[in-house]
Amino acid sequence: MRQELLPDVRVTLIEPGVVDTELPTHITHAATREAVQKGYDAATVKPGEIAEIIAFVLSRPRHLAINEVLVRPATQLG
């Protein structure tokens, strides 16, 4: 997509790890919800921090292409 849209549209893949959101509450399978909830109980990244990263990427000059941002809690494995 990036190659097709440049230079008119910049495309950045932002890959957050576990973020402190309500996502586990939307999982209907009980065992899956419980397993996911354990990871989310320890989530230290706040949604506002991801929003700041998005704002940073959008505020860069048009001549810069930020292809990818991987961000997750320092304690999250892999």
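Where in the chain does V19 lie? V19 lies in the loop between β1 and α2, and the legends below take this residue, among others, as a landmark in a model that is predicted.

**View 1. The whole chain, with three helices and two strands.** Followed along the sequence, the helices and strands come in the pattern α-β-α-α-β. The radius of gyration is 16 Å, well over the 12 Å that the globule rule gives for 78 residues, so the chain is more spread out than a compact globule. Taken along the principal axes, the C-alpha atoms fill a box of roughly 45 × 25 × 20 Å. Buried residues make up 14% of the 78 residues in the chain, and the accessible surface comes to about 5900 Å², with 59% of this area belonging to carbon and sulfur atoms. Among contacts with a separation of 6 or more, 66% are accounted for by residues 24 or more positions apart.

**View 2. The confidence of the prediction along the chain.** The average pLDDT of the chain is 91, and 99% of the residues score at least 70. When the elements of the chain are set side by side, α1 has the lowest mean pLDDT, at 84, while α3 has the highest, at 97.

**View 3. The surroundings of V19, in the loop between β1 and α2.** V19 is buried, because its relative accessible area is 10% and buried means under 20%. Not counting residues up to four places away in sequence, V19 touches Y40, A43, V45, K46, P47 and I50. One of these contacts, K46, is 27 residues from V19 along the chain, yet the C-alpha atoms of the two are separated by 5.8 Å.

**View 4. A salt bridge between the side chains of K46 and D20.** Side chains of opposite charge can pair when their charged atoms come close. In this view the side chains of K46 and D20 meet at 2.9 Å, N to O. The pair links distant parts of the chain, with K46 in the loop between α2 (30-41) and α3 (47-59) and D20 in the loop between β1 (13-16) and α2, 26 residues apart. K46 counts as partly exposed, at 39% relative accessibility, and D20 also counts as partly exposed, at 32%. The count of salt bridges comes to one.

**View 5. A nonpolar patch on the surface, formed by M1, L5 and V9.** Together, the three residues M1, L5 and V9 have about 280 Å² of accessible area. V9 lies in the loop between α1 (2-5) and β1, and with a relative accessible area of 38% V9 is partly exposed.

**View 6. V36 in helix α2, with its contacts.** Leaving aside neighbours within four places in sequence, V36 is in contact with P24 and I27. The relative accessible area of V36 is 25%, so this residue is partly exposed. Which separation do the C-alpha atoms of V36 and H63 have, given that the two residues are 27 residues apart along the chain? The C-alpha atoms of V36 and H63 are separated by 40 Å.

**View 7. T75, in the segment after β2 (68-71).** Is T75 buried or exposed? T75 counts as exposed, because its relative accessibility is 67% and exposed means over 50%. T75 and L13 are 62 residues apart in sequence, and from C-alpha to C-alpha they are 22 Å apart in space.

Definitions and conventions
Residues are numbered from 1 along each chain as its sequence is written. This is a predicted model: local features need pLDDT of at least 70, side-chain atom pairs count only at pLDDT 80 or more; totals for chains, interfaces and linings use all residues. Side-chain values use heavy atoms; hydrogens and water are left out. A salt bridge is a side-chain nitrogen of Lys or Arg within 4 Å of a carboxyl oxygen of Asp or Glu. Helices (H or I, at least four residues) and strands (E, at least two) are DSSP runs, numbered from the N terminus. Buried means under 20% relative accessible area, exposed over 50%, partly exposed in between (1.4 Å probe, protein chains only). Contact means heavy atoms within 4.5 Å. Patches are made of residues with over 30% relative accessible area and no salt bridge: like charges are joined within 9 Å, nonpolar side chains (Val, Leu, Ile, Met, Phe, Trp, Tyr) within 5 Å. Accessible areas come from the Shrake-Rupley method with a 1.4 Å probe; for residues, only the protein chains shown count as cover. pLDDT is the predictor's confidence in each residue, from 0 to 100. The radius of gyration is taken over C-alpha atoms; the globule rule is 2.2 Å times the number of residues to the power 0.38.
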